[in-house]
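Trainee: Could you take me through one part of this model closely, at the level of strands and their partners? I would like to follow how a sheet is put together and then see some of what else the model contains.

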Amino acid sequence: MATRIDTLEPVPLPEPERSPDRRLSPREWMRKNLFGSVLDSILTVVFAAFLTWAAYRILKFVFVDARWEIVERNLTTLMVGSFPRGELWRVWTALFILAASLGFGAGALALRRRREVAEGRAAPAPRSLALRRVAPLVVLVAVLLWFAGSFEALGLVVAIALTCVGFNLLGRRTPLRLDRFVPLLVLAGTLVAFLVIVAFGGVPWTNWGGFMLTIFLAVGGIALSFPIGILLALGRRSSLPAVRIVCTGYIEIFRGVPLITVLFMGAFMIGFLLPEGVERPDPIVRALIAFVLFTSAYVAEVVRGGLQSVPAGQIEAAQALGLSPFRTTRVVVLPQALRSVIPGLVGQFISLFKDTSLVFVIGLAELLTIAENLTKQPDFIAQGLIVETLLFASFIYWTGSYWMSRESQRLERRLGLGER
Amino acid sequence: MLQAVFLTAVVAFLLYLVDTVVWNLERLGIPTGFDYLDQPAGFAIPDSDFHSSQSLWDALKVGIANTVKVSVLGIVLATVLGVLIGVARLSTNWLVRRSAALYVETFRNIPVLVIILFWYLGVVIRLPPIGEAVDVPGLGIVSNRGIVVPWFDKVGGATAFGAIAAVGLLAAAAVWIWRTRRYDRTGEPHRRVLWAGGVLLGILAVGFFATGAPWTVETPERGERSTTGGFRLSPEYVALLIALALYTASHIAEIVRGSILAVPRGQSEAANAVGLSGFQRMWHVVLPQAFRISVPPVSNQYLNLMKNSSLGVAISYYEITKITRVSISQQAPAVQAILLLMVLYLAFSLLIALVTNVVNRRLTLKGRR
């Protein structure tokens with residue numbers, strides 16, 4: 001048989017298939033994607049009709065029927081609650097400092113990535129336009145400015161954006177020997193921004209409100225939960241049964257109950273857990289404690305996933321080098337585990353960002369609470385404006401968490417976590 | 001040694017907490033045990049027969065029933081909607097695919113509490129009052145006092161019918177087993193759902209008429225100020241149910257989509273090769289395997305839905321959280337009430353976890369543990 005193969009006519013190769021991303025003409029595209037079969041055509045028509053109707057209703061409401069006056073007049077309250085208006089310059093200053101330090105940090109990070117790519121230690125990042133990446137935030141700020149309707153605010157926002165871009169460019173020029181101080185710098189900047197608001201005769205954070213409080217609770221909650229979560233995760237994987245049982249118990253109990261019960265615990269129980277003479281902490285502090293108790297259990301599970309992803313060979317190698325268990329964990333295991341944990345942590349942060357709305361139930365003046373309370377103002381009472389205020393609040397939550405989840409997906413792709 | 005120190009520290013800390021709590025409670029003259037549960041509640045629960053002289057424990061039982069009511073139906077609705085949207089996200093039709101993606105991205109990124117408040121304050125309680133209620137013949141009456149749906153009305157002979165129904169169930173089970181055995185022996189299509197369902201329906205139908213039609217379906221009637229007959233779903237229940245179902249469906253849709261994508265491509269290609277139609281390929285080859293992958297994450301979503309039902313407290317739906325909240329403001333000791341509430345939720349969590357674990361174990365392929 002084998003000999004006869006030579007005599008056969010060469011089999012013509014099949015036509016190379018057209019590459020799938022060849023541009024289809026609009027007609028072809030519609031045939032393929034909208035009217036592929038009878039059922040497809042019916043579905044297309046039904047969906048198109050429904051979507052058109054829904055879009056018409058929504059757009060008509062947003063641009064014609066809605067009475068946005070309630071949001072326009074209360075924008076400052078929605079953003080900062082009952083923060084003293086005379087001290088608002090502190091918030092603006094803090095925003096400038098934050099923009100500078102975060103922009104600088106992002107620039108330095110981009111530089112570090114470029115160096116890693118150049119040295120062949122990392123895959124190049126997927127190309128995407130910077131403007132596209134921050135589009136949700138730009139939309140958010142644009143809408144806020146539209147509601148604010150003041151050139152002063154517009155000027156300040158433009159100045160903040162320019163500061164951010166400027167420091168970003170500066171960050172991209174960090175000399176290599178200063179690279180390791182960048183995280184410290186960003187942290188210091190954040191702290192200074194915080195201090196500008198609270199210190200030097202400023203406003204204690206127990207008086208914060210609105211969207212500012214949302215962000216404070218989310219950032220503060222995740223920052224405090226992170227170290228506790230790491231300890232809990234390490235404890236859950238400890239070789240000591242007592243430690244393991246206690247940590248597992250903590251994690252599973254807090255993961256088994258709704259956040260609202262933990263907030264109730266903070267609101268109604270903490271007073272009973274303190275010895276006599278100790279003042280009951282402020283409601284915001286109690287809520288923060290509740291968020292930390294709850295979130296650290298979830299962070300622990302995220303970190304545990306990261307710990308499990310570190311190959312056993314790494315630990316064995318560290319032991320073979322004679323590292324102590326503590327140093328093995330600190331120098332070998334944690335750095336590798338925490339790198340793969342970042343997207344999970346961002347996910348947890350997004351959950352927390354949305355969950356801060358639950359303080360509505362215990363009456364803290366957070367964004368959602370204010371949105372609901374506005375409809376009880378004398379000028380707006382009983383006019384059914386709740387849809388407007390809730391839409392505004394959902395828009396803020398939505399853009400925030402949509403932007404973060406997209407960034408986290410990007411990060412995940414870049415770390416190549418999905419492909420392992 | 002280290003363990004002993006750690007354990008001593010933890011135990012000492014817990015003892016200290018308990019001691020402080022007891023000491024604080026005694027100092028303030030608040031009872032320390034759980035006897036408070038036997039005392040009259042002092043509040044009434046709307047949409048139930050509960051009255052304020054019944055004990056707090058009875059109130060909690062009503063709350064448990066309400067939590068179960070909204071969780072179970074919510075889970076069913078969220079699953080159906082979630083699977084539909086998850087499959088739609090992979091549709092070949094561009095418009096369908098994008099609409100499903102739009103739905104998922106919208107609902108996943110808004111806090112569930114906002115969705116609940118929106119449905120309650122923005123939609124359900126702004127429905128027309130009863131005088132102008134929307135009456136959909138045969139389906140129900142929609143007004144700002146809730147939705148009234150047709151419901152069964154007991155006439156008599158229900159016990160006898162119950163007995164016949166039980167017999168029917170047994171017979172159906174027997175037919176099911178018989179068809180399965182026959183399929184194992186001969187390889188002939190078992191069609192056990194058809195067979196068992198047919199037997200059950202037949203026996204139920206015969207029983208229904210033999211006992212003189214013990215149930216009639218009663219359609220609600222609209223009056224000037226109230227409705228008569230039918231089964232009323234309170235506005236709070238409707239809002240919470242819809243919001244929880246919509247929110248959880250967006251998460252389930254993502255899981256379903258991921259699970260379908262996780263089924264190896266070779267499976268669909270093989271299904272194509274043996275000449276199955278698109279629907280057959282999905283129904284017999286892809287979905288069963290995707291289902292297996294999706295059980296653990298979906299069960300997590302069921303747990304979340306049950307836990308999120310605690311947000312009924314924000315719109316005064318009387319589930320256990322709301323009842324605990326009210327009882328605390330009615331002088332029930334906060335520490336015990338909240339601990340009891342947490343224990344109840346842990347029990348619910350455990351129950352759902354147990355059920356889904358059993359399902360998961362039955363579905364796991366042998367040798368793939």
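Mentor: Happily; here is a walk through the sheet of chain B, followed by a look at chain A.

Please keep in mind that this is a predicted model. The sheet in chain B is open and has 4 strands, in the order β1-β2-β3-β8, with antiparallel pairing. At its edges stand β1 (134-136) and β8 of chain B, and each has a single partner strand, so one side of each is left without a neighbour in the sheet. From one strand to the next, the twist averages 15 degrees. As general background, strands of a sheet pair through backbone hydrogen bonds, and the pairing may be parallel or antiparallel.

Now let us move inwards, to β2(B) and β3(B). Strand β2 covers residues 140-143 of chain B and strand β3 covers residues 146-149, and 3 antiparallel bridges join the two. The link between β2(B) and β3(B) is a hairpin through 2 residues. You can find this pairing at B:Ser143, whose bridge partner in β3(B) is B:Gly146.

Strand β3(B) also pairs with β8, which spans residues 231-233 of chain B; this pairing is antiparallel too and has 3 bridges. A good residue to select here is B:Val149, because its bridge partner in β8(B) is B:Phe231 under the DSSP pairing used. So β3(B) takes part in a pairing with β2(B) and in another with β8(B).

Chain A makes a useful contrast to look at next. Chain A has 18 helices and 0 strands. The C-alpha trace of chain A spans about 100 × 70 × 45 Å along its principal axes. Of its 420 residues, 32% are buried. If you take the contacts in chain A between residues at least 6 apart in sequence, 77% of them join residues at least 24 apart.

One helix of chain A brings us back to chain B. Helix α3(A), residues 38-65, has 28 residues and reaches 39 Å from its first C-alpha to its last, close to the 40 Å expected at 1.5 Å a residue. Its buried residues are A:Asp40, A:Leu43 and A:Phe47. Among what covers these buried residues is α3 (94-108) of chain B.

Note on methods. Residues numbered from 1 in each chain as written. Chains lettered and ligands numbered in written order. Predicted model: local features only at pLDDT ≥ 70, side-chain atom pairs only at ≥ 80, totals over all residues. Buried ≥ 20, exposed ≤ 12 C-beta atoms within 10 Å, placed from the backbone. Contact = placed C-beta atoms within 7 Å. Expected span 1.5 Å × (residues − 1). Axes fitted to C-alpha atoms, helices over the stretch in contact; angles between N-to-C directions.
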